Amino acid sequence: MNPNAVKNLQHYLRQSEDWDETSAALVFSEHNRLYLTGFPATDGAMLVTGEEAALFMDFRYAEAARRVVTVCPVVDFTVIDDAVISWLQERGIQKLHTETDSLTLDEFAHYNQIMHRIGGEAVPDKLLDDCLRECRIIKSEEEIASMEKAQRITEEAFDYACTLIRPGMTERELAIDIEFFMRRRGAEKVSFDLIVVSGANGSLCHGVPSDKPIEAGDFVTMDTGCVVDGYMSDMTRTVAVGHVSEEQRRVYETVLAAQKAAIAAVKDGVACSLVDKAARDIIEKDYPGTFGHSTGHGVGVQIHEYPRFSKTDGTIARAGMVITVEPGIYLAGKYGVRIEDMVLVTKDGCRDLTRSPKELMIL
């Protein structure tokens with residue numbers, strides 16, 4: 001986790017014109033609570049003022065949270081409304097700023113009713129979402145270390161998968177073996193439902209592993225990742241089985257050239273859209289219309305975070321961002337190729353957090 005996460009959030013909140021000593025922020029979403037405290041829980045809430053914070057957990061989580069959370073007190077409750085009201089009243093809070101990206105209308109209405117009971121109000125606050133996003137976009141040394149641990153496990157799983165791939169094995173069998181391997185190596189879970197597709201299924205960039213047998217001459221694309229300390233890894237490799245055609249080789253080399261060009265373009269101060277352009281220009285030259293997704297996305301406690309290497313994202317890359325670089329070519333009904341690394345933006349360029357080889361492998 002980022003040990004300064006709560007302090008950073010408080011700093012941003014105090015800059016708001018709508019923030020004063022009677023204000024508090026409600027952090028309700030699971031991923032933002034994990035980011036701020038380092039503790040994963042599917043339920044609960046966090047309250048943050050300019051000077052204080054508290055994590056509210058029920059009986060299921062309270063003891064475990066106290067063993068982990070060091071940045072703020074853990075308040076256990078039987079009825080969360082009573083615990084929250086008591087905490088807010090003790091501090092004279094009249095305005096409760098809530099996330100807008102994560103709260104449902106019913107959840108917001110519930111907390112607004114809580115505030116009405118003490119003569120205050122809840123306010124949907126896009127600034128709170130922006131503050132949390134700004135905090136999360138730059139990774140601390142601790143966060144990067146956790147992501148690198150997850151990435152090492154992912155790379156070991158790729159090496160293991162390459163020893164298994166053979167004609168007759170199904171996509172589903174390979175995906176299961178990769179996931180079990182990562183969990184045995186210490187992963188808390190996978191970062192997402194693993195993508196393992198082969199042959200004609202490879203043109204489905206987010207295809208679901210099926211009972212299709214892998215065949216000689218297939219490309220096999222494996223988009224995998226796992227979670228360590230709440231932080232995710234993300235890597236894609238495409239390998240060939242037995243042999244490749246000249247067209248397959250050209251497609252693969254085009255994607256590899258696009259990925260290398262994009263990585264070379266990454267550095268502090270460069271617009272994210274220009275990194276996307278570096279990859280897209282190479283692919284569009286010979287394979288127009290075959291690369292329909294963005295070149296990359298931020299990674300952290302969620303698999304898709306800000307910013308994105310996309311045509312429309314003008315965000316300026318800054319040192320400390322961790323973003324994927326993953327161009328691809330997808331030929332409908334034939335096959336697909338995607339190559340993905342995670343890179344850490346640095347002052348001078350970037351550091352590739354991914355070590356697995358990416359030259360064409362024929363197994």
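**Figure 1. Three strands form an open sheet in this predicted model.** The strand order is β8-β9-β12, and the pairing is antiparallel. Strands of a sheet pair through backbone hydrogen bonds, either parallel or antiparallel. Which strands stand at the edges? They are β8 (195-198) and β12 (235-240). Each has a single partner strand, so one side of each is left without a neighbour in the sheet. Neighbouring strands are turned by 10° against each other on average, with direction ignored.

**Figure 2. A closer view shows β8 beside β9.** Strand β9 covers residues 219-224. It pairs with β8 in the antiparallel sense, over four bridges. Look for I195, whose bridge partner in β9 is D223.

**Figure 3. The largest pocket has a volume of about 510 Å³.** Its lining is made up of 24 residues. The closest to the pocket centre are F192, D193, I195, H206 and D223. Two of these names, I195 and D223, belong to the bridge pair of the previous view. Which helix gives the largest share of the lining? Helix α8 (residues 171-184) does, with five residues. By class, the lining holds 11 nonpolar, six polar and seven charged residues.

**Figure 4. The second largest pocket has a volume of about 300 Å³.** Here 16 residues form the lining. N32, D101, R136, Q302 and Y306 are the closest to the centre. Three elements each supply at least two lining residues: α2 (30-37), α6 (126-137) and β14 (305-309). The largest share, five residues, comes from α6. The lining divides into three nonpolar, six polar and seven charged residues.

**Figure 5. E148 and R351 join a helix to a strand.** Side chains of opposite charge can pair when their charged atoms come close. The side chains of E148 and R351 meet in a salt bridge, at 2.9 Å from N to O. E148 lies in helix α7 (residues 141-164), and R351 lies in strand β19 (residues 350-352). The pair therefore ties together parts that are 203 residues apart in sequence. Are the two residues buried or exposed? E148 is buried, with a relative accessible area of 18%. R351 is partly exposed, at 38%.

**Figure 6. E247 and K334 link a helix to a loop.** Their side chains meet in a salt bridge, at 3.1 Å from N to O. E247 sits in helix α9 (residues 246-265). K334 sits in the loop between β16 (328-331) and β17 (335-338). The two residues are 87 residues apart, so this link connects distant parts of the chain. E247 is partly exposed, with a relative accessible area of 28%. K334 also counts as partly exposed, at 40% relative accessibility.

**Figure 7. D276 and R280 pair within one helix.** The salt bridge between their side chains spans 2.8 Å, from N to O. How many residues apart are they in helix α10 (residues 272-286)? They are four residues apart, which means that about one helical turn separates them. D276 counts as buried, at 1% relative accessibility. R280 counts as buried too, at 9%.

**Figure 8. Four residues share a network of salt bridges.** The linked residues are R237, D341, D352 and K358. Across the predicted model, the count comes to 30 salt bridges.

Conventions
Residues are numbered from 1 along each chain as its sequence is written. This is a predicted model: local features need pLDDT of at least 70, side-chain atom pairs count only at pLDDT 80 or more; totals for chains, interfaces and linings use all residues. Side-chain values use heavy atoms; hydrogens and water are left out. On a 1 Å grid over the protein atoms alone, a cavity is a set of points where a 1.4 Å probe fits but cannot get out, and a pocket is an open set with protein on both sides within 12 Å along at least five of seven lines; lining residues have an atom within 4 Å of a point. Grid points are joined across faces, edges and corners, and a volume is the space filled by probe spheres set on the points. Ala, Val, Leu, Ile, Met, Phe, Trp, Tyr, Cys and Pro count as nonpolar, Asp, Glu, Lys and Arg as charged, and the others, Gly among them, as polar. Buried means under 20% relative accessible area, exposed over 50%, partly exposed in between (1.4 Å probe, protein chains only). Two strands pair if DSSP finds at least two bridges between them. Axes are lines fitted to C-alpha atoms, for helices over the stretch in contact, and angles run from 0 to 180 degrees between N-to-C directions.
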